[in-house]
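Colleague: I'm new to reading protein structures, and I'd like to begin with one part. Please take a close look at the salt bridges for me, and then show me how they fit into their surroundings.

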Amino acid sequence: MDRHETEKMNIPSVSEPYSLEEIMREFGTAPPQESPPPGNEEEVVKIHNPKPKAKKKVSDDTMVFEPVHAEQLAPDLEAPMKIAPEDKLPEAKFSPPKLEVLRNDEKKSGKSHDEVINSNAPKSAQEALKLCRQGLSMRHIRLLIAVIPVFFGLFLILYEHNGWTFLPFVQSLGDALPITLLIITAALSYDVFLATLTDLLHLRIGINTLSVTAVILLPICVFHDPNAVSYCAVVSLLLYAQLRALHLRRVAQFHTLRTVCSFEAPMGIFDTPKLLENTDSLRRESGDTAAFLEKLDSQNAPEKILRIYSTAMFLLLPALAFMMSVAKELPMTRLWLLFLFAAIPCGGALAFVQPFAAAAKKLSSFRGALCGWYGAKIFGGKHTIVVTDEDLFPKKNITSNGMKLYGTHKAPRIIAYALAALKLVDSPLTELFESLLQAHYGKSMQVSQYRLYNDGGIGAEISGDIVLVGSLAFMRSMGVHMPAGTRVRQAVYVSVDGELAGIFAVKYKPSTSSKAGLRDVLANHNFSIVLATRDFLISPELIAAKYELPTDAMRFPDYTERLRLQSQKPQEAARQGALIAKDTFGAFAVTVASGRTVRISTLICLTISILAGLSGLALCMGLLTWDAIGIASALHLATFRLLWSLLSAFISFVMLKF
């Protein structure tokens, strides 16, 4: 198959060919032309020569830069430019991202951009980590010890239900054994009681409140009916589930905060709503640690839903118990306790903290930190991921593969020409040409005026010469004569005054991290990729060849649009969902994918838990209506709770693992 067909599918249409006279006339170096007659719509510009010179009217998709006047521009200021024609495209300005910083904050504090963003964050993160670390190891030990009385209590239910007699001490201890096991579990789970007290002081009701209510009702039921002692194991199971939820929440925060504290200048993953039309986009910029910590501790939607559910059950269950006790002439406390056992979702408290803790631990190995439910919600929808040059080919993976010069110009001069043009767009090839210039003992040169072309090339006036820098396709579109044997696809071409002056072959080495990240993103249909590359040699064809991945789903806009996407900074509406330390696309993709998985897993587990509570309550009401309350034994209630909890845990494990 002809290789040119692939380029035509992925690369924007090229501009109309230009003749050498038109190019030189455009930059103002050709002999003065006659002034256009009145009524002519061609644009007339003034440059160093006081007499006006006509300039070729450009196509609609071409960027036109106003010529620079006689006064010298400071090197840190961007060159003025506008888009022609003005009635079709809006006015825009481009400058290297490194020049677009928070200048107001810098002037006030005298610090750099990263220092302004992260001046107070490390201290806050360290304090939060210190508080999170307190008592974490002891709680983990208590959680492990609590497994023994909980499972032994469940075993006692099964032991008595089957009428086994191979453990003589069970008969000798009688009811004292399950009560003792419950007391041990409650003592190890004192965090649950403290959390309940805190919620009540803030006038909040949660799953902890329902579990503690069951603990309070159990002694009353045992006092009126000694057979209710078998419910001790069910209460122990509820306390253990709440203790594990509190522990996993602390574990998730610990891994997240420890990762954040290891960052010196973290990168943030931002959701920018208006960067692209009709879609949200994800991109990396300098992170805000303070904002991350603020959102990390905020109340999440799953907790709010569970609080609403718990509040409804807290008010509804005693009313139902009272009405059923009057209708069936049964003790109200006994019915209330049964309704609590049926309606409390053991896995509800684990719906979010379990997948979040697993994701936080996984991301810590990639030095990534997800901003809790806030970040998971941001990454949960459909997004367009803006991929930059560094995402695809880090600068260390770009090397020189030889060069060839034409004409009378020396190597230092041609390299300096190319370097000056590449600096205009902050190309990732800049460092490569700087090293070449140093190796040839050359000197940098300044650009008088320049122009960007949508087919991926740069035109500039340097030291009185008209210099074109771009790819092979760009040189062909500009009408530059190509001698035989000069068709090198991965090479930077330089022409001076319309004649080919040099070819610099470039070698791109794929990154393992980028390949894994691209594969993960392309496998998810909710993510799409837009290439915002400054390097005019990077195309979908090159990506497909180096990474062996399909590129049909990648958008490859015009060169000027790619510069806009990479240069634009997040606005106030941008939301930061995560922090990453490694400036690689692999860490970026893994963090985004993990956030999306946490959100989906949480929603599924939360739905299952609430359905389990509602179905358990409906089943219990049905048994009472049919006068079959004896079926709601401790064994059946414990089995019912365990099966739903194991289903939620299994779904969460599968989604996070695979």
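Modeller: Happy to! A salt bridge is counted here when a side-chain nitrogen of Lys or Arg lies within 4 Å of a carboxyl oxygen of Asp or Glu. Please keep in mind that you are looking at a predicted model.

With that rule, the count comes to 15 salt bridges. Let's begin with the one between Arg-307 and Asp-199, where the closest N and O atoms are 3.7 Å apart. Find Arg-307 in helix H13 (residues 301-328) and Asp-199 in helix H9 (residues 190-201): this pair links distant parts of the chain, 108 residues apart. Is Asp-199 buried or exposed? Its relative accessible area is 7%, and buried means under 20%, so Asp-199 counts as buried.

Another salt bridge joins the side chains of Lys-395 and Glu-431, at 3.6 Å from N to O. Lys-395 sits in the loop between helix H17 (389-392) and strand S9 (398-405), while Glu-431 belongs to helix H19 (residues 430-439), so this pair ties together parts that are 36 residues apart in sequence. Here the setting is partly exposed for both partners: Lys-395 has a relative accessibility of 34%, and Glu-431 has 46%.

Next comes Glu-541 with Arg-489, whose closest N and O atoms are 3.4 Å apart. Glu-541 is part of helix H22 (residues 540-547), and Arg-489 is in the loop between helix H20 (472-477) and strand S13 (491-496), so parts 52 residues apart in sequence are tied together by this pair. Glu-541 is buried, at 13% relative accessible area, whereas Arg-489 is partly exposed, at 31%. Salt bridges can also share partners, and in this way Arg-139, Arg-142 and Asp-191 are joined into one network.

Now let's look at the surroundings, returning to helix H13, where we found Arg-307. H13 is among the elements that cover the buried residues of helix H14, and the cover also includes helix H10 (207-224), helix H11 (232-261), helix H24 (585-625) and helix H25 (634-657). How many of the 12 residues of H14 are buried? Nine of them are, so H14 is largely enclosed by the rest of the structure. Those residues are Leu-335, Trp-336, Leu-337, Leu-338, Phe-339, Leu-340, Phe-341, Ala-342 and Ala-343. You can also check the length of H14 (residues 332-343): at 1.5 Å a residue, it should span 16 Å, and its end C-alpha atoms are 16 Å apart, which agrees.

Helix H12 (residues 289-296) makes a nice comparison. Its buried residues are Thr-289, Phe-292, Leu-293 and Leu-296. If you look down the axis of H12, these buried residues fall within an arc of 95°, so they line one face of the helix. At the start of H12, a side-chain oxygen of Asp-288 comes to within 3.2 Å of the backbone nitrogen of Ala-290.

Let's go back to helix H19, the home of Glu-431, because another kind of link starts there: Phe-433 lies in H19 too. A search of the whole structure finds 16 aromatic pairs. In one of these, the rings of Phe-433 and Phe-504 have centres 5.1 Å apart and planes at 65°, so the pair is edge-to-face. Since Phe-504 lies in strand S14 (residues 499-508), this pair ties together parts that are 71 residues apart in sequence. Both Phe-433 and Phe-504 are buried.

Follow the chain onward from H19 and you come to a loop that leads to strand S10, with Tyr-441 in it. Tyr-441 is exposed, with a relative accessible area of 74%, and its phi is near 55°, a positive value in a residue other than glycine. In strand S10 (residues 449-453) lies Gln-449, which is buried, at 5% relative accessible area. The side chain of Gln-449 makes a polar contact of 2.7 Å with the side chain of Glu-461.

Finally, step back to the whole chain, which has 25 helices and 17 strands. Buried residues make up 51% of its 658 residues. Among contacts with a separation of 6 or more, 72% come from residues 24 or more positions apart.

Terms used:
Residues are numbered from 1 along each chain as its sequence is written. This is a predicted model: local features need pLDDT of at least 70, side-chain atom pairs count only at pLDDT 80 or more; totals for chains, interfaces and linings use all residues. Side-chain values use heavy atoms; hydrogens and water are left out. Buried means under 20% relative accessible area, exposed over 50%, partly exposed in between (1.4 Å probe, protein chains only). Helices (H or I, at least four residues) and strands (E, at least two) are DSSP runs, numbered from the N terminus. The arc is that of the directions from the helix axis to the C-beta atoms. A polar contact is a pair of N or O atoms within 3.5 Å; within protein, one must be able to donate a hydrogen and the other to accept it, and residues adjacent in sequence count only if both atoms are side-chain atoms. Rings of Phe, Tyr and Trp (its six-membered ring) pair if their centres lie within 6.5 Å; planes under 30 degrees apart count as stacked, over 60 as edge-to-face and the rest as tilted. The expected span of a helix is 1.5 Å times one less than its number of residues. Contact means heavy atoms within 4.5 Å.
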